[in-house]
Amino acid sequence: MSGHPGADTGGALPLYQEVKRLLTQSLADGEWQPGVALPSEAKLGERYRVSIGTVRKAIDELVAERILVRHQGRGTFVAGHSARRTLFHFFHIVPADGGKEQPETELLSFARAKADADSVARLNLAPGAPVFRIRNLLRLRGTPVVLDEITLPAERFPRLSEKVFRERDSTIYQLYQERYGINVVRSAERLSAALADRSSAKLLGIAAGSPLLRIKRTALTYHNVPVELRTSLVNTAAHEYFSDLGKN
């Protein structure tokens, strides 16, 4: 989408916000893929018929939102997923006595189902829409710490299978990006307390009724479109939730 500011918004947004909207739409349309450099600010200014300063302000916001990333002397690139990015931007469970480390993930189950009320509300699905439900057990230093239940809308992930999910050699968000062109750019999380039932207690190696941290995360792509719902049950006996939102 080339367009120019004000073309279909009636000038309702500040100029740099309209440029940001057009840039985001081009990203959503796949014009610039993760890891690819954007045209120079001068070329974007010509494209959108605005000053370089206006383009820079729009890009500044997208960089702050971690949708784009600047590399000194190289240009501005579309942020892509890697194991490191997932660890530092989306995984917030750390040992109480140490820093972040990559969890070991065990796939417990993969099944097709129908969207329940929570999935309908959080993923903007029709009641009963087909979904995939995936359960993972995450270990840190060999100890089971997190039990994940992931819900994905089937229409956005065609031909996804247990084999594809099990045999991937990348992070889950890399799989979404590389196989389905879905780039998770942010997540919204809600935290609450829970008690371990018999099933979760057995998997986490704790007593039934033990306190757990429950994290409900909605992963979103461009334009705040939800693409994944994840409920995590965390044993915080020796681990804690840590998020440093201001750190690059």
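The legends below describe close-up views of a predicted model of one protein chain.

**View 1. The whole chain, as a frame for the close-ups, contains eight helices and ten strands.** Taken along the principal axes, the C-alpha atoms of the protein chain fill a box of roughly 65 × 45 × 35 Å. Of the 248 residues in the chain, 43% are buried. When contacts in the protein chain between residues at least 6 apart in sequence are considered, 57% of them join residues at least 24 apart.

**View 2. Helix α1 (residues 15–28) packs against helix α3 (residues 52–64) at an angle of about 60°.** The axes of these two helices are 8 Å apart, and α1 is oblique to α3, since the oblique class takes in angles that fall outside the ranges under 35, 65 to 115 and over 145 degrees. The crossing in which α1 passes α3 is right-handed. On the α1 side the residues that meet α3 are Leu 15, Tyr 16, Gln 17, Val 19, Lys 20, Leu 23 and Thr 24, and on the α3 side their counterparts are Thr 54, Val 55, Lys 57, Ala 58, Ile 59, Glu 61 and Leu 62.

**View 3. Lys 20, a residue of helix α1, forms a polar contact through its side chain with the side chain of Glu 61.** The distance for this side-chain pair is 2.9 Å. Lys 20 has a relative accessible area of 13% and is therefore buried, the cut-off for that class being under 20%. Leaving aside residues up to four places away in sequence, Lys 20 touches Ala 58, Glu 61, Leu 62 and Glu 65.

**View 4. Helix α2 (residues 41–48) and helix α3 pack with their axes 8 Å apart.** The angle between α2 and α3 is about 105°, and the two helices are therefore roughly perpendicular to each other. Glu 41, Ala 42, Leu 44 and Gly 45 are the residues of α2 that meet α3, where they find Ile 52, Val 55, Arg 56 and Ile 59.

**View 5. The largest nonpolar core of the model has 21 residues.** Those with the most contacts inside this core are Phe 132, Ile 134, Leu 152, Phe 157, Leu 160, Phe 165 and Tyr 176. Two or more residues are given to the core by each of β4 (104–114), β5 (130–140), β6 (143–153), α6 (162–167) and α7, and the largest share, five residues, comes from α7. Phe 165 touches Leu 107, Phe 110, Ile 134, Asn 136, Leu 160, Ile 172 and Leu 175, when residues up to four places away in sequence are not counted. A second, separate core has 18 residues, among them Leu 38, Val 55, Ile 67 and Val 78.

**View 6. Helix α7 (residues 172–180) is largely enclosed by the rest of the structure, because seven of its nine residues are buried.** The buried residues of this helix are Ile 172, Tyr 173, Gln 174, Leu 175, Tyr 176, Gln 177 and Tyr 180. Gly 181 follows α7 and has a positive phi, near 65°.

**View 7. Arg 217, in strand β8 (residues 211–221), makes a polar contact with Tyr 173, side chain to side chain.** The distance of this contact is 3.1 Å, and its partner Tyr 173 is one of the buried residues of α7. Arg 217 itself counts as buried, with 9% relative accessibility. Its contacts, not counting residues up to four places away in sequence, are with Phe 90, Phe 91, Tyr 173, Ser 187, Ala 188, Glu 189, Glu 228, Leu 229 and Arg 230.

**View 8. Thr 231 lies in strand β9 (residues 225–234).** Beyond residues up to four places away in sequence, Thr 231 touches Leu 147, Asp 148, Glu 149, Arg 214, Ile 215 and Lys 216. Thr 231 and Lys 20 are 211 residues apart along the chain, and their C-alpha atoms are separated by 32 Å.

**View 9. Ala 201 is placed in helix α8 (residues 198–204).** Ala 201 is buried, with a relative accessible area of 3%, and touches Ala 196, Ile 206, Ala 207 and Ala 208, not counting residues up to four places away in sequence. From Ala 201 to Asp 97 the separation is 104 residues in sequence and 23 Å in space, C-alpha to C-alpha.

How values were computed
Residues are numbered from 1 along each chain as its sequence is written. This is a predicted model: local features need pLDDT of at least 70, side-chain atom pairs count only at pLDDT 80 or more; totals for chains, interfaces and linings use all residues. Side-chain values use heavy atoms; hydrogens and water are left out. Buried means under 20% relative accessible area, exposed over 50%, partly exposed in between (1.4 Å probe, protein chains only). Helices (H or I, at least four residues) and strands (E, at least two) are DSSP runs, numbered from the N terminus. A polar contact is a pair of N or O atoms within 3.5 Å; within protein, one must be able to donate a hydrogen and the other to accept it, and residues adjacent in sequence count only if both atoms are side-chain atoms. Contact means heavy atoms within 4.5 Å. A nonpolar core is a set of buried Ala, Val, Leu, Ile, Met, Phe, Trp, Tyr and Cys residues joined through side-chain atoms within 4.5 Å. Axes are lines fitted to C-alpha atoms, for helices over the stretch in contact, and angles run from 0 to 180 degrees between N-to-C directions. A crossing is left-handed if the near helix is turned anticlockwise from the far one by less than a right angle, and right-handed if clockwise.
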